[in-house]
Amino acid sequence: MRSIVSILLLTSLALSQSTYYVSPSGNDTNPGTLNQPFRTFERARDASRTTSSSTVIVRGGEYEFLAPFELTGLDSGNASSPRVWKNYPGETPTLRGSKCFTSMTSLGSNKYKGTLTGAPTPVEFLYFNDQRLYPARAPNWQMPNYSQLDPYLGSFYFVDTAQAPSRNTLKYSSADSTIINTLAGKSGLSIYVDTFSGLWGWRYTQPIVSINTSTRTITLENNVGADIKSGNRFWIQGAPELLSVGEFYHNQSTNEFTVHLPQTLEASDKVCVPVADIIVQSAASNLIWKGFTMKQYVSTAFNVKSSASNINFNGNIVKHGKHGFRTDYSISKNLTVTNNHFFDLEGGNAVAVLGGMFVKNLANSGNIISNNLIHNIDIYRAGAGAGALIDKEEVGVVFTNNEMFKTGRHGLIFEGNDHFIGFNRISEAGQIWVDASPINTGGRSMIRRGTVIQNNYLFEPGGYVQTGHGQWELKRAGFSTSVFHVPNITLMIDDWASGVTIEGNVLENANGVCLSNHGGRDNIIRKNVFYNCVAGITMDEPLLTAGTFFAPYWPLMWEELQNLEANGYNRTLYYQAYPELSTVPENPGQGEAMVNLLIEKNIFDKNHRPYKDHRGGANLNFRNNLFKASWRNFVALREAPNSGSYVDLNLTQWRGIGRDLNSTEIASTAPLFVNPGTDYSFHPDTIADDLGFTAPDISQMGVNPILPPAPSISTSVSQVTTKQIPISVNTNSSDPLFPVTLVQYQIRESTGANITSWANLASLSTSVGSSLMEYGKSYKVCARQKNDAPNLKRLPEDELFTLGNCTTNVYLAAPTPTPTNTPTRTPTATPTPTRTPTFTPTATATATSTPTSTPTSTPTQVDPGSSNPTATPTFTPTQNNDNRNFEPTPTRTPKPRKKPRVSSANVIGDSITLVATSSTGYIEAYLDDELVKTSFKKKMKLKLKRLNRGKRFLTFLSKTPNGKIFTTRLVLRVRLTGINIRYLN
């Protein structure tokens, strides 16, 4: 009887409870309270289903997911009270989709063997703690060195010059035969080959059938999708003989793994294999997911598998997988992906919203992607991934205030209708791929229209082009333009993308083209800055004549337009929204497909040539632009579309043939901007103001700092009798990219008035006080942390601090009377919060090319700190001073470089101690391109033990406050009797 009563009481408690706790030290038989938490997410999910809304709070620590955690429609909240899954304040729960070895056998020299079942086939990566390990391969993968023309030089073999184009055979060079010949006859080998040629390329993988050492020919099991040609890059993997430091070999028949670790395996180390995704969310609506680190998974961290709405993915760190946040071709709306950090993902997209079918009736999806930091995406695998992807079925996606850099191909690629893409900062897209852009349109269609691209800062598209056998050249501003480059482009309006408004953007530093309009109609290009590109704008109408590559696509686009109703589209609505559709011809002649283009009030500065016209058509409204005289003529014009030679014209000649109205050219030495590259406000002496031009503010473009939680504050006493309050600070910084460098405190009255300004804590456990505190009153101590954030652009100091967390009130007992000479207390003013300007996406246009459809999406997102899912945020672009090392302009003289130096070295046996100094307060040391130590001081003491015999490279890197990186490289020749040191550069 007693047990029945107990069960009834527990059931009653569960039905009334709405907040549950999960902890690595919990137990699923517990009631899920703070003091008696659950152990697993599944138990908390099942308990929360007993209420209509709930909050699950997860304590810090690591949680292993050997199968995906599933949320279904049973886990939906209400519109007014969403279900919340979030971290405990000040703690970071880590969700790991990998299985770790419980034991490994040492094979010597930091090589270990272990058996693990349940791993996918093939295993693409392993992780040693948080360091990625690669499959054993030849040549070995080397960390990119971005100071050289090809950062990936040394990571690939190159196809021989005698190679005839082939889809299934590859000839390797004699220079690479030493290792490749030893692999003949081995089973389980595969090859990765880059078929880059001209504008396009793809990385293919195929099993190897045979290696003929006499002809140096590798035969593949199947054809790849493009011709393999001379100079293409490749590597081979799949043989245990190729195992090197930082690599592993997987014997699939025995489930044995052999790994070569960068150091000795300690008891606290983890070697893990990704085996599962983390979250599969199926139709769970009104949901908040906040404050988690998600890592080491197979495919996707958070996957929306079927229709859902009102999901807020906020403040998470996602790394070491394929996709980050992804909707899997589901009709999902009102999704908010904000304040997250995505990095080190391979083979997918950091954020992808796919499907939805919103385009049928141009229904706004309400999806928002804002204020995310995204970088190092698809660098190793170089698939078709991007930092972010918006699918052709989406309508009205708001993509704002994101920062992206270092992507294998595109930063953002989008299709669909009526999106707003604004206030983003995107750079270094196309690190491996040619034909890549920070922003690129996808698809070949006449009906995907209405998108506004406004107030973005797009610069330094990366990428490489083959210039000869084994030679790849970095395409960025400042390198030689005498050699033909296949240009990567800062903004690519690709493949007939039409009805796009491009306004107020800064496009900068491309050894290619700032902006390319590739066949699109009815586009507006207005009030942009084109700075330091080979060409400011190019117009390229693809050839539509029979037998050419693009010829088949126009009939398909025309068929799509004619069959709107048959395909379920609201034809009337489309023609009302986009009246220009009625002017699309069925069979355009060359020069007639790309029409109704407006290019006005743009500024062209320091471009080799402001404009290049590949098309020869005359349907162009070119007016009221401002040009600085360039070293090439104003325009290169093809008189016959896409054929024949170019004719160079100056601005007067261009105007004389009726192509320009009221544009202005100023001398190359005339003042224009204050400091291009960092400040695009107008110089006081410029005439741009008088001409009515608008100066862009790049400080509004990019992400706000995404920082870990502020330190939690605790005190062990409820009252003190002195004016010294003992406190303890718990600093939590699980993200290595945002290390805590400083903690500050502030004393406040219980009413909130500040007694002191922010001051440094002497240590993480200390006491603070103030002569302004009065006995008999209550006070609280607040703390905040500062982060160096080396991978973010440099920000003003105030913006690198988290918000302060405060103690509960501390009461000052009053045994001692207040001194008569106590100075009058004058509380300092409350610190001014960072400015929060709001913006409203607009797309004003001039007469002849005004699209009648303006994105109607209003940025709405669920506030993770409240239960109101309809809260509307204000976007908060912050001052983001970007001091990257741009190529110097004629008016700037770069400071001489100062490399870090080794001031002392002491060799004892098989170990060496070195002291490196730098003029900056930031030094990193790399041994064979693996990071071994970081110092935030001007001097670093580095001790290396048990160095292997042979030659090892040691690189010291220092970074100046403005972002410049200097390196010194040493070669350590390790001999039996000791170590010799030699400077390499």
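Strands here are DSSP runs of at least two residues, numbered from the N terminus. In this predicted model, strand S72 spans residues 930–935 and holds Lys933. That lysine sits in a surface patch of positive charge together with Lys941, Lys943 and Lys945. With a relative accessible area of 33%, Lys933 comes out as partly exposed, because the partly exposed class runs between 20% and 50%.

Strand S49 makes quite a contrast in its surroundings. Of the 12 residues in this strand (residues 529–540), 11 are buried, so S49 is largely enclosed by the rest of the structure. Two pairings can be described for it. With strand S51 (residues 603–605), S49 runs parallel and shares three bridges; here Phe530 is partnered by Phe604. With strand S52 (residues 609–613), the pairing is again parallel, this time over four bridges, and Thr538 finds its bridge partner in Lys612.

Strand S20 (residues 256–260) is mostly covered as well, with four of its five residues buried. Its pairings are antiparallel: five bridges connect S20 to strand S9 (residues 111–115), and five connect S20 to strand S19 (residues 247–251). Val259 of S20 turns up in both, as the bridge partner of Tyr112 and of Phe248. S19 and S20 form a hairpin with four residues between the strands, and in this hairpin Asn255 adopts a positive phi near 60°.

Turning to charged pairs, the whole structure contains 28 salt bridges. One of them joins Arg49 and Asp46, at 3.8 Å from N to O. Both partners are partly exposed, Arg49 at 30% relative accessibility and Asp46 at 36%.

Another pair, Glu62 and Arg96, meets at 3.0 Å from N to O. This salt bridge links distant parts of the chain, as Glu62 belongs to strand S3 (residues 61–64) and Arg96 to strand S6 (residues 93–96), 34 residues apart. The two ends sit in unlike settings: Glu62 is partly exposed at 26%, whereas Arg96 is buried at 6%.

A further salt bridge brings Lys186 and Glu241 together, with the closest N and O atoms 2.8 Å apart. Lys186 is in the loop between helix H3 (177–180) and strand S15 (190–194), while Glu241 is in the loop between strand S18 (233–237) and S19, so the contact ties together parts 55 residues apart in sequence. Lys186 is partly exposed at 35%, as is Glu241 at 49%. Elsewhere, shared partners knit salt bridges into one network made up of Glu62, Glu64, Arg96, Asp130, Lys270, Lys295 and Lys319.

Technical notes:
Residues numbered from 1 in each chain as written. Predicted model: local features only at pLDDT ≥ 70, side-chain atom pairs only at ≥ 80, totals over all residues. Heavy atoms only, no water. Patch = residues over 30% accessible without salt bridge, like charges linked within 9 Å, V, L, I, M, F, W, Y side chains within 5 Å. Areas by Shrake-Rupley, 256 points an atom, 1.4 Å probe, with all protein chains shown as cover. Salt bridge = Lys/Arg side-chain N within 4 Å of Asp/Glu carboxyl O. Lys, Arg positive; Asp, Glu negative; His and termini not counted. Charge placed at Lys NZ, Arg CZ, Asp CG, Glu CD. Buried < 20%, exposed > 50% of the residue type's maximum accessible area, 1.4 Å probe, protein only. Pairing = 2+ DSSP bridges.
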